[in-house]
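New to this one? Take a moment to look it over, and then we'll walk through a few of its parts together.

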Amino acid sequence: MGEELGELLSRLRARTAGLDLAGSAKRPSGWAVLEGREVVEVSHLGPDEEILAAAERVRPALLAIDAPLTLPREGYMRFVDREMHRLGLPVLPPLFPAMRSLTLRGMRLARELEARGLPVIEVHPASTRKVLGLPVKGRAAVQEALLRAGLTGVLEERELSMHELDAITAALTASLHLLGLSELVGDEEGEICLPRRDLSLDLA
């Protein structure tokens, strides 16, 4: 299935991007750009202005952000957070103390990106990898599995950080969404995009 995934991605002419957002601008956020199966750009970004500048320069057809992009209507969990737990894909809720600053930053960036005509989706890279049958954790294992899944480019050239690998996974999720190979979990309160669950690659 790894080669088949590469072939599927090669049909996509649109460029996608992934952002593994940090809760603070003082910590690195992973950034990746995917063209077909090729990872053409990977880096660490800092302040919001740097992220917005990168997005403006690339102008991806879809930007996938690893961060909650909405707040719950009540309480500290959204319906989508509860649903992800039910699916065996646990996520931290937006108003969990360690998540609050990340959520507010994600919402602020999403509004600004959309105001600039750049569509965004919320993703959870660990869940994407779990659905696809890829390793959820372990930097070396994740990088090797993404290569075996058919991705090329920067991924082949150097050892990447976990932030960068999460950003690549986010961009991959965006590409699968544009190919119609995704599903949205949640409701109008908030949605997380996942690969279609029959796409398992069994590369863990």
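What follows is a short tour of the sheet, a helix pair and two pockets.

Keep in mind that this is a predicted model.

**The sheet**

Let's start with the strands. Six of them form an open sheet, and the order runs β5-β4-β1-β2-β3-β6, with mixed pairing. At the edges you'll find β5 and β6 (152-153); each has a single partner strand, so one side of each is left without a neighbour in the sheet. For β5, look at how it joins β4 (residues 62-65): the two pair in the parallel sense, over three bridges. If you want a spot to find by eye, go to A64, whose bridge partner in β5 is I121.

A helix also lies over this part of the sheet. α4 goes across β2 (29-35), β4 and β5, and it runs at about 155° to β5.

**Two helices side by side**

Next up is a pair of helices. Helix α6 (residues 139-148) packs with helix α7 (residues 162-178) at an angle of about 35°, and their axes are 10 Å apart. The crossing of α6 past α7 is left-handed. On the α6 side, the contact is made by R139, V142, Q143 and L146, while α7 brings M162, L165, I168, T169 and L172. Sort these contact residues by class and you get six nonpolar, two polar and one charged.

**The pockets**

Now for the empty space. Here are two pockets, put next to each other:

| Pocket | Volume | Lining by class |
|---|---|---|
| Largest | about 600 Å³ | 18 nonpolar, six polar, nine charged |
| Second largest | about 160 Å³ | six nonpolar, three polar, two charged |

Which residues sit closest to the centre of the largest pocket? Of the 33 residues that line the largest pocket, those are D20, D66, M99, L102 and H124. Several helices take part too: α3 (79-86), α4 (100-115), α5 (125-132) and α7 are the elements that give two or more residues to this lining. You've met α7 already, as the packing partner of α6, and α4 as the helix across β2, β4 and β5.

The second largest pocket is lined by L69, T70, V120, I121, E122, H177, L184, G190, E191, I192 and C193. Here the elements that give two or more residues are strands, β5 (120-122) and β8 (190-195). The largest share, four residues, comes from β8. And I121 turns up again: it lines this second largest pocket, and it is also the bridge partner of A64 in the sheet.

Conventions: Residues are numbered from 1 along each chain as its sequence is written. This is a predicted model: local features need pLDDT of at least 70, side-chain atom pairs count only at pLDDT 80 or more; totals for chains, interfaces and linings use all residues. Side-chain values use heavy atoms; hydrogens and water are left out. Axes are lines fitted to C-alpha atoms, for helices over the stretch in contact, and angles run from 0 to 180 degrees between N-to-C directions. A crossing is left-handed if the near helix is turned anticlockwise from the far one by less than a right angle, and right-handed if clockwise. Contact means heavy atoms within 4.5 Å. Ala, Val, Leu, Ile, Met, Phe, Trp, Tyr, Cys and Pro count as nonpolar, Asp, Glu, Lys and Arg as charged, and the others, Gly among them, as polar. On a 1 Å grid over the protein atoms alone, a cavity is a set of points where a 1.4 Å probe fits but cannot get out, and a pocket is an open set with protein on both sides within 12 Å along at least five of seven lines; lining residues have an atom within 4 Å of a point. Grid points are joined across faces, edges and corners, and a volume is the space filled by probe spheres set on the points. Two strands pair if DSSP finds at least two bridges between them.
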